[in-house]
Amino acid sequence: GISPKQYQKAILMNNLKKEIKRVPKHTISSVLTNSGLHNQSIAINDFKKLFTHTPYEYKKIILNKQSFI
């Protein structure tokens, strides 16, 4: 199992991922702030640990996929 803190972090990172996908034109900084994640370096590291990409890399993937639609 995972600790409550790890669970909360996973929920926050999943919400961040959804928000990046929902508004990929916004800056990562604004998406982090709007998601309640004010310590950007920790949030970026946590995101990368969970998804193997930084939020910026994930945003680029989303934008590349949208350009093919």
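## A surface patch and Ile11

A residue is called buried when its relative accessible area is under 20%, exposed when that area is over 50%, and partly exposed in between. In this predicted model, Ile11 has a relative accessibility of 37%, and therefore counts as partly exposed. Ile11 belongs to helix H1, which covers residues 4–22. Together with Ile2 and Tyr7, Ile11 makes a nonpolar surface patch of about 310 Å².

## Helix H4 and its buried side

Helix H4 runs over residues 55–67, and because each residue should add 1.5 Å, its 13 residues are expected to span 18 Å, in agreement with the 18 Å between its end C-alpha atoms.

Which residues of H4 are buried? They are Pro55, Tyr58, Lys59 and Ile62, and because they cover an arc of only 100° around the axis, they lie on the same side of H4. The spacing of such residues can be understood from the helix itself, for an α-helix has 3.6 residues a turn, so residues three or four places apart point the same way. As for their surroundings, the buried residues of H4 pack against H1, against helix H2 (28–34) and against helix H3 (40–51).

## The loop before H4

Between H3 and H4 there is a loop, and Thr54 is found in this loop. Is Thr54 buried or exposed? Its relative accessible area is 18%, and because buried means under 20%, Thr54 is buried. When residues up to four places away in sequence are not counted, Thr54 touches Ile44, Phe47 and Lys48.

Notes:
Residues numbered from 1 in each chain as written. Predicted model: local features only at pLDDT ≥ 70, side-chain atom pairs only at ≥ 80, totals over all residues. Heavy atoms only, no water. Patch = residues over 30% accessible without salt bridge, like charges linked within 9 Å, V, L, I, M, F, W, Y side chains within 5 Å. Areas by Shrake-Rupley, 256 points an atom, 1.4 Å probe, with all protein chains shown as cover. Salt bridge = Lys/Arg side-chain N within 4 Å of Asp/Glu carboxyl O. Helix = DSSP H or I, 4+ residues; strand = E, 2+ residues; numbered from the N terminus. Buried < 20%, exposed > 50% of the residue type's maximum accessible area, 1.4 Å probe, protein only. Expected span 1.5 Å × (residues − 1). Arc of directions from axis to C-beta. Contact = heavy atoms within 4.5 Å.
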